[in-house]
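Visitor: Hi, I have a structure open here and would like a hand finding my way around. Could you walk me through it?

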Amino acid sequence: MIYEKLEKFSDGFLWGSASAAYQVEGAWNQDGKGESIWDVYTKLPGKTYKGTNGDVAVDHYNRYKEDVALMAEMGLKAYRFSIAWTRIYPKGRGEVNEAGLKFYEDLINELIKNNIKPIITLYHWDLPQYLQDLYGGWESREIINDFNNYCITLFKRFGDKVKYWVSLNEQNVFINLGYMTALHPPGVKDLKRMLQANHIANLANAKVIESFRAYVPNGMIGPSFAFSPIYANTCNPEDVIAAENAEELNNNWWLDVYCKGIYPAFAMKYYEKLGVAPVIEDGDLELLERAKPDFIGINYYQTTTIEKNGLDGVGAVEGMNNTGKKGTAQDSGIPGVFKNIKNQYLEYTNWDWAIDPEGLRIGLRRLTSRYGLPILITENGLGEFDKLEENEVVNDDYRIKYLSNHVRACKEAITDGVELLGYCTWSFTDLLSWLNGYQKRYGFIYIDRDEKEIKELKRIKKKSFYWYKKVIETNGEEL
């Protein structure tokens, strides 16, 4: 649909930005915090770019007031951040660490004081190492109660002040990379174990949503999914079938469980034939059916283009582009199912991620048609090499162009009939980009540090800071 005029963003639209505890906080062992799997994993040789870790990160834990002041100067309406489970329960269970609760209470109060709505992510990958050692983390049903107890502690403490909550962040990523490609902790390559851990994570997500309704009855909660809409490379029916396969296995396998309480039939039958389908116990499906989210959170970065993959075709590849050397990512797939390929119509980042704002609009429409739920964009952003120039200037026009085009796509989707609650960029400040170190920058605020030197961690406003400030001031009318 091509429109002569687009609808406006709603009053109260959540113009936000986002972060994750491990990527920004630092203070990895301060004030009683326990070890997470990322505290341990990043110190293993060869796991991250130049051996980087989040021990200090950008020191948000000790500088949160400075960071919130910058958010307030920008006029940010919402800030999505995650809570580190090990700050609240150093071992994931047992005694509550009051110092950890106090930090997040102080952060929440600071945000509210500055008219910024807090959006809390309950889990952004930093599982307590103690629970990983004790019973295998997400591979044990014991985690369902431990995670639920941790979340209830937060609902009781912050439920009167915080009305937007994200349950699990990118379950499809932390499960796939943790249990299929071994690129994330716990470093496993086993499809059967991956699918079982994923089922248990689904149950944990549902259990927490059910608890949320009891403790925060006037709030909203939903998982945040790393959503990559699928394109068929051509109109050849063989490519179309391959794209359907990818949509079912890469998107619907998670989203149907979240939003409908069921596993999609094609994907389940495929896994059953392979002998790796998850074990579903009595009561599991009933829990999934009861605990549907209030909204769908999506982290959108790119689309995926698919073509036919023969039985002798390409399979999984080792590693990924975490250096920023453009063109080093390889095609991958599942023999006989689908093959991921480069889209000739799109540009790509230095990390080989497709740049496709129209794909965001397509994805939002698909989600609306399939599930009929409100949508919150919990992440969208561009990771690039930013250069600090003379007089502390960072001209990141490429980021402005990227974000502007994606915000316009949101406006088009709203005009199409999508109910969009808000838009959170990734990220507010630069941060540790998991396996990619500190050179892959996403923020409106340049943090003066790199892989070798922590320096003074000075905060410097980029050109995009002023651009987003104007977007918020005009409620998305000036892009």
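Guide: Happy to, and please keep in mind that this is a predicted model.

Visitor: Thanks! What sheets are there to look at, say a closed barrel: which strands does it run through?

Guide: The closed barrel has eight strands in the order S1-S2-S3-S4-S5-S7-S13-S14, and the pairing is parallel. On average, neighbouring strands in this sheet are turned by 25° against each other, direction ignored.

Visitor: Which helix packs on that sheet?

Guide: Helix H14, residues 397-416, packs on the sheet and touches S1, strand S13 (375-379) and strand S14 (420-426). The direction of H14 makes about 170° with that of S14.

Visitor: Let's zoom in on S2. Which of its residues are buried on one side and which on the other?

Guide: Ala-78, Arg-80 and Ser-82 are buried on one side, and Tyr-79 and Phe-81 are buried on the other, so both faces of S2 are covered. In a regular strand, side chains alternate between the two faces of the sheet. Counting along the strand, residues 78-82, five of its five residues are buried.

Visitor: And how many bridges does S2 make with S1 and with S3?

Guide: S1, residues 14-18, pairs with S2 in the parallel sense over three bridges, with Gly-16 opposite Ala-78. S2 and S3 also pair in the parallel sense, over five bridges. There, Phe-81 stands opposite Ile-120, and Ser-82 stands opposite Thr-121.

Visitor: Switching topic: which residues have the most contacts inside the largest nonpolar core?

Guide: Those are Trp-138 and Trp-165, in a core of 150 residues. Helix H9 (residues 191-215) gives the most to this core, with eleven residues. As a general point, nonpolar side chains tend to be buried together in soluble globular proteins.

Visitor: What is Trp-138 in contact with, leaving aside its neighbours within four places in sequence?

Guide: Its contacts are Tyr-123, Leu-127, Ile-143, Leu-168, Phe-174, Tyr-179, Ala-197, Ile-200, Ala-201 and Ala-204.

Visitor: Phe-174 and Tyr-179 are in H8, right? Why is H8 largely enclosed?

Guide: Right, both are among the buried residues of H8. Eight of the nine residues in H8 (171-179) are buried, so the rest of the structure largely encloses this helix. The buried residues of H8 pack against strand S3 (117-123), helix H6 (129-135), strand S4 (164-169), H9, strand S5 (220-226) and helix H10 (237-260).

Visitor: H10 looks odd to me. Where is it kinked?

Guide: The kink is centred on Asn-252 and is about 55°. A straight helix of 24 residues would span 34 Å at 1.5 Å a residue, whereas H10 spans only 28 Å between its end C-alpha atoms. H10 is mostly covered, with 17 of its 24 residues buried.

Visitor: What about the open sheet, what order do its strands have?

Guide: Its four strands have the order S6-S8-S10-S9, with mixed pairing. Strand S6 (230-232) and strand S9 (332-334) are at the edges with a single partner strand each, so one side of each has no neighbour in the sheet. From one strand to the next, the twist averages 30°. H10 packs on this sheet, touching S6, strand S8 (304-307), S9 and S10. The direction of H10 makes about 170° with that of S6.

Visitor: Last one: how many bridges join S9 to S10?

Guide: Three, and the two strands run antiparallel. Within that pairing, Gly-333 has Lys-339 in S10 as its bridge partner.

Note on methods: Residues numbered from 1 in each chain as written. Predicted model: local features only at pLDDT ≥ 70, side-chain atom pairs only at ≥ 80, totals over all residues. Heavy atoms only, no water. Core = buried A, V, L, I, M, F, W, Y, C linked by side-chain atoms within 4.5 Å. Buried < 20%, exposed > 50% of the residue type's maximum accessible area, 1.4 Å probe, protein only. Contact = heavy atoms within 4.5 Å. Pairing = 2+ DSSP bridges. Axes fitted to C-alpha atoms, helices over the stretch in contact; angles between N-to-C directions. Expected span 1.5 Å × (residues − 1). Bend = angle between axes of the 7 residues up to and from the residue.
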